[in-house]
Amino acid sequence: MGADARDDCAVYDIGSPVTLVVGSDYIRGPKFILHEMGFLSDFDIGYYLAAANISDIAAMGATPIGLLSVIRYPHELDDAGFREVTAGIHQACTDFGTLNVGGDIGNAERVILSGTALGVCRPGKVLKRSGARPGDLLCVTGACGLLGAAVAYFPKEDSFLPGRLPEDAARKLLDSWRRPRARVAEGRVLSEKPFATSCQDTSDGLKATIEQVMQASGVGFRVTERDVPVDPAVRMVADLMQVDPLALTMSASSDFQLVFTLAPDDLEACLAEFTATGLDFFVIGEATDDGEARLVGDEGGRPLPGVAWKHQKSDVSLLASGSSEPQSG
């Protein structure tokens, strides 16, 4: 599976007891707005770099075996800052059960952070975006929108009336950026049994992920409004922004949850396996044969709300500004 598959990773059948899975992600350098504002440390962006890459491995149902990183930086980032970035990478690799196996460092005109994650799974067990079938249940491993809500809230924190977020809610939003979780354990459960007919991480946001799985699988989705989990901190930001909480939940946000589909007959066994390993997921809808993604509630159906990430032409800041043009960061 190469770039033409448009999946989270490339997949190599190397004729051995394992299949090799490889993914690569770049994260923003000087345009990492929460870092520029002082909310995130150099350690935090190193951690995020590793998590973003390992999340793609998790979405394929593979076990991460190593991370290669590229750290290019200007003279303005001193040795202490550089060591913090590498320490964050190392800690994330440790937390997700893999190794920081090297990469490249050197000078550049600005901060450039990129990584390549490597993983393995048993042949025939890799998860793909394609494979969902009409009647399959649509599931997500947790609430989405926290990272997007943080980007929408903190740059405009002083402008929201009648007040700011409570301290615990603000901390939860920042912690979602500081220690994002790659869903390695969940991906392995879905792959090894196997349960999932399709799978993808929510690094582009829940709305975009559902639409991408829909397009790859050639199905539609009916999402049940009352079943989509909304984090209380996201709901608070939505109230301050005076927008639909579901719109903020489903908009562009790198939460690294897993969206997956499974046959209804496998639901009970999948729930039992997740529960036995201390994990959880939510059933939020089902696949249809009409090729459309719709949100269904008490007042009928409508298109999925929110702003999907599409190559930086739009982002969650549009929900806060009401503008037709995205804002930086």
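**Notebook: helix packing, burial and backbone in a predicted model**

I began with helix α4 (residues 146–153) and helix α5 (residues 167–178), and I find that they pack at an angle of about 115°, with axes 8 Å apart. I note here that I am working from a predicted model. For the hand of the crossing between α4 and α5, I read left-handed. I then listed who makes the contact: on the α4 side L146, L147, A149, A150 and V151, and on the α5 side K172, L173, S176 and W177. Sorting the residues of this α4 and α5 contact by character, I get seven nonpolar, one polar and one charged.

I followed S176 a little further, since this residue of helix α5 appears in the contact list with α4. Is S176 buried or exposed? Its relative accessible area is 10%, and I take the cut-off for burial as under 20%, so I enter S176 as buried. Once residues up to four places away in sequence are set aside, S176 touches L146 and L147, and both of these names stand on the α4 side of the helix contact.

**The protein as a whole**

I stepped back to take stock of the fold, and I count eleven helices and twelve strands in the protein. The radius of gyration is 19 Å, close to the 20 Å that the globule rule gives for 329 residues, so I can call the protein as compact as a globular protein of that length. I also looked up the extent of the C-alpha trace, which spans about 55 × 55 × 35 Å along its principal axes.

For burial, I find that 53% of the 329 residues are buried. The accessible surface comes to about 14,500 Å², and carbon and sulfur atoms hold 50% of that area. Of the contacts with a separation of 6 or more, 81% are between residues 24 or more positions apart.

**Helix α6 and its surroundings**

Next I turned to helix α6 (residues 184–192), where I find V184, E186, G187, V189, L190 and S191 buried. Which elements do the buried residues of α6 pack against? I list α2 (42–59), β3 (63–73), β7 (196–201), β9 (258–262) and α10 (267–276).

Of these partners I examined α10 in more detail, and the axes of α6 and α10 come within 11 Å, crossing at roughly 145°. The crossing of α6 past α10 is right-handed. In the contact itself, E186, V189 and L190 from α6 meet C270, E273 and F274 from α10, and by character I divide these residues into four nonpolar, no polar and two charged.

Just past α6 I checked the peptide bond from K193 to P194, which is cis, with omega near -10°. P194 itself sits in the loop between α6 and β7.

**Around helix α9**

I then looked at T249, which lies in helix α9 (residues 245–250). What does T249 contact, leaving aside its neighbours within four places in sequence? I find C144, G145, L206, V228, P229, V230 and V234. With a relative accessibility of 1%, T249 counts as buried.

On either side of α9 I went through the loops for positive phi values. In the loop between α8 (232–241) and α9 I find Q242, whose phi is near 60°, a positive value in a residue other than glycine. The relative accessible area of Q242 is 74%, so I record Q242 as exposed, the cut-off for that being over 50%.

In the loop between α9 and β9 I find F256, which has a positive phi of about 65° although it is not a glycine. F256 has a relative accessible area of 1%, and I therefore enter F256 as buried.

**A last check on G124**

I closed with G124, which I place in the loop between β5 (112–121) and β6 (137–140). Its relative accessible area is 75%, so I note G124 as exposed. I also looked up the separation of the C-alpha atoms of G124 and D7, which are 117 residues apart along the chain, and I read 16 Å.

Methods
Residues are numbered from 1 along each chain as its sequence is written. This is a predicted model: local features need pLDDT of at least 70, side-chain atom pairs count only at pLDDT 80 or more; totals for chains, interfaces and linings use all residues. Side-chain values use heavy atoms; hydrogens and water are left out. Axes are lines fitted to C-alpha atoms, for helices over the stretch in contact, and angles run from 0 to 180 degrees between N-to-C directions. Helices (H or I, at least four residues) and strands (E, at least two) are DSSP runs, numbered from the N terminus. A crossing is left-handed if the near helix is turned anticlockwise from the far one by less than a right angle, and right-handed if clockwise. Contact means heavy atoms within 4.5 Å. Ala, Val, Leu, Ile, Met, Phe, Trp, Tyr, Cys and Pro count as nonpolar, Asp, Glu, Lys and Arg as charged, and the others, Gly among them, as polar. The radius of gyration is taken over C-alpha atoms; the globule rule is 2.2 Å times the number of residues to the power 0.38. Buried means under 20% relative accessible area, exposed over 50%, partly exposed in between (1.4 Å probe, protein chains only). Accessible areas come from the Shrake-Rupley method with a 1.4 Å probe; for residues, only the protein chains shown count as cover.
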